[in-house]
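New to this one? Here is an informal walk through the model, going from the overall picture to some of its details.

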Amino acid sequence: MGAALRAREERPRTSDSAETPWLRRKSRARDADPAVLGLMGLTLVDFVSDWLFVYSLSSAKGTTLARLRVASLVFILSPVLINLALAFWSLPQQRDTNARYFIWLKDHQLPAGVIMMLGALNVELVTLLDSRLFHKDMFSAPLTEKYVFELQSLGLVTNLLEDLPQIVIQGLALASGPSNITTIVSLSLSGLALLQGIMGRGNSFLLSLDSDTTRTRRGSHVGRGEGEGEEVVELGSLSGA
């Protein structure tokens, strides 16, 4: 009987010790994420600089520069339409499958709509809804971790369809005509946005791997704890008999 009682006391301890790292990760995930403000600032400045680059080519002479202007305009508008479509396609799915988000949305339709429009520049900016900025409810939408990771991954659309083409176009513009400050600044910002996107995707991927590993270990620890407890209980019952 004594062994059986000890087994019952030890089993909750094993489960708690296995859950502690996961609970700590969850509490850290709920903290504010100021990095999204940097992403928003860089996205807005880069977007404006691309338009200024297009405008600077409006008075340029030569067929090559005229074609580069059209190409730059295409690779500004196309990602905007694609990002907007992705944002309006993905959020309704979250609303239909996440009851907590649906309740939050009833009281925060205006900030959700504004952030959705920002998502047209970079769909990753939709994660502002879940950023916990300034500890305000409008930035505390209960989005699922899977959905946040999907938004961060879809941010590649802006990197591949806007930043990378703009780097090529602006580089060709510098090589084809006289250099100007607008083109140089636009090229620098496009390169910085592409670098930030690559580093951000890599960091998100590593965090997702770490999260999956932690959950796998947690499950194995809990499983082993339950198995050991059952064996001790059986031995205790035998000794008592």
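A residue counts as buried here when its relative accessible area is under 20%, and as exposed when that area is over 50%, with partly exposed in between. By that yardstick, buried residues make up 36% of the 241 residues in the protein. Keep in mind that this is a predicted model.

As for secondary structure, you'll find 8 helices and 0 strands. Read from the N terminus, the elements simply go α-α-α-α-α-α-α-α. Take the contacts in the protein with a separation of 6 or more: 77% of them join residues 24 or more positions apart. On the outside, the accessible surface adds up to about 14,100 Å², and carbon and sulfur atoms account for 64% of that.

Now for the inside. In soluble globular proteins, nonpolar side chains tend to be buried together. Here, the largest nonpolar core has 25 residues, and the ones touching the most other members are Leu91, Tyr101, Trp104, Val126, Leu129 and Leu143. Two or more residues come from each of α2 (35-56), α3, α4 (99-107), α5 (109-118) and α6. The top contributor is α5, which gives 4 residues. To get a feel for one of the core residues, look at Leu91: leaving out residues up to four places away in sequence, Leu91 touches Tyr101, Met116, Val126, Leu129 and Tyr147.

Two of these helices are worth a look down the axis. In α5, Pro111, Ala112, Ile115, Met116 and Leu118 are buried. They line one face of the helix, because their directions from the axis fall within an arc of 155°. Gln109 and Leu110, on the other side of α5, are exposed. In helix α6, the buried residues are Tyr147, Val148 and Leu151. Their arc around the axis is only 100°, so they sit on the same side of α6. Here's how the two helices line up:

| Helix | Buried residues | Arc | Packs against |
|---|---|---|---|
| α5 (109-118) | Pro111, Ala112, Ile115, Met116, Leu118 | 155° | α2, α3 and α4 |
| α6 (145-154) | Tyr147, Val148, Leu151 | 100° | α3 (63-97) |

So what do the buried residues of α5 pack against? They pack against α2, α3 and α4, while the buried residues of α6 pack against α3.

What about charged pairs? Searching the whole structure turns up 1 salt bridge. In a salt bridge, the side chains of Arg132 and Asp130 meet at 1.9 Å, N to O. Are these two residues buried or exposed? Both Arg132 and Asp130 are buried.

Back at the surface, there's a nonpolar patch made of Ile82, Leu156, Leu160, Leu161 and Leu164, with about 380 Å² of accessible area together. Helix α7 (residues 156-176) supplies the largest share of the patch, 4 residues. Ile82, for its part, lies in helix α3. With a relative accessible area of 34%, Ile82 is partly exposed.

One more stop in helix α3 is Ala85. Ala85 is partly exposed too, with a relative accessible area of 47%. How far apart are Ala85 and Ala120 in space? They are 8.1 Å apart, C-alpha to C-alpha, with their positions 35 residues apart in sequence counted as separation.

Terms used:
Residues numbered from 1 in each chain as written. Predicted model: local features only at pLDDT ≥ 70, side-chain atom pairs only at ≥ 80, totals over all residues. Heavy atoms only, no water. Buried < 20%, exposed > 50% of the residue type's maximum accessible area, 1.4 Å probe, protein only. Arc of directions from axis to C-beta. Contact = heavy atoms within 4.5 Å. Core = buried A, V, L, I, M, F, W, Y, C linked by side-chain atoms within 4.5 Å. Patch = residues over 30% accessible without salt bridge, like charges linked within 9 Å, V, L, I, M, F, W, Y side chains within 5 Å. Areas by Shrake-Rupley, 256 points an atom, 1.4 Å probe, with all protein chains shown as cover. Salt bridge = Lys/Arg side-chain N within 4 Å of Asp/Glu carboxyl O.
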